[in-house]
Amino acid sequence: MGNFTNLSKTLYNYFNSFGVPAYLEYNIPVGATFPYISYTLSYEDGYIDNLIQARIWTKSSGLTQLATLADKIGDNIGSGITVNGVDGGTVWIKKGSPFVQFVPEDDTTLKVAYLTLTTNILF
């Protein structure tokens, strides 16, 4: 399998491991239920830093669910995590800076956090 395909499958599995559905950014199904994660997909060979963004989407009056999901992802990454590629190799995921930003929305029940991640792809 090609490197981009391997990365796509690997990130899909990683972001879907947090107990909520995850979708590729701009490919969120119509009628998707909250909460969910959306993420970007880009590929850079080897030890070159590769930027990935993710957004956590919740629908509530408070920030608890959003903060809990952001903490869950942050705790999982820690100071960096190595994720096995679906078709071999590894992806090293690190927190970017800033790691989490809350994004204001016009709909006061829609809560969004923007996560910045750096990856190194070793396929």
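**Tyr 26, helix 2 and two cis prolines**

At 77% relative accessibility, Tyr 26 counts as exposed, since the cut-off for that label is over 50%. This comes from a predicted model, and the backbone at Tyr 26 is worth a look too: phi there is near 70 degrees, a positive value in a residue other than glycine. Tyr 26 sits in the loop between strand 1 and strand 2.

That loop also holds Pro 35. The peptide bond leading into Pro 35 from Phe 34 is cis, with omega near -5 degrees. A cis peptide bond also turns up between Ser 97 and Pro 98, where omega is near -5 degrees. Pro 98, however, is placed in strand 5.

Next comes helix 2. It runs over residues 64–77, and its 14 residues should span 20 Å at 1.5 Å a residue; the C-alpha atoms at its ends are 20 Å apart, so expectation and model agree. Its buried residues are Leu 66, Leu 69, Ala 70, Ile 73, Gly 74 and Ile 77. Around the helix axis they cover an arc of only 130 degrees, which means that they lie on the same side of helix 2. The general picture behind this is simple: with 3.6 residues a turn in an α-helix, residues three or four places apart point the same way.

What do the buried residues of helix 2 pack against? Their partners are helix 1 (3–15) together with strand 2 (36–39), strand 3 (50–59), strand 4 (81–84), strand 5 (90–103) and strand 6 (110–122). On the face turned away from the buried side, helix 2 carries the exposed residues Thr 64 and Asp 75. Right after the helix comes Gly 78, with a positive phi near 55 degrees.

Back in strand 5, there is also Trp 92 to consider. Is Trp 92 exposed or only partly exposed? Its relative accessibility is 35%, so Trp 92 counts as partly exposed; that class lies between the cut-offs of 20% and 50%. Leaving aside residues up to four places away in sequence, Trp 92 touches Gly 80, Ile 81 and Thr 82, and also Thr 118, Thr 119 and Asn 120. As for Ser 79, 13 residues from Trp 92 along the chain, the C-alpha atoms of the two are separated by 11 Å.

How values were computed
Residues numbered from 1 in each chain as written. Predicted model: local features only at pLDDT ≥ 70, side-chain atom pairs only at ≥ 80, totals over all residues. Heavy atoms only, no water. Helix = DSSP H or I, 4+ residues; strand = E, 2+ residues; numbered from the N terminus. Expected span 1.5 Å × (residues − 1). Buried < 20%, exposed > 50% of the residue type's maximum accessible area, 1.4 Å probe, protein only. Arc of directions from axis to C-beta. Contact = heavy atoms within 4.5 Å.
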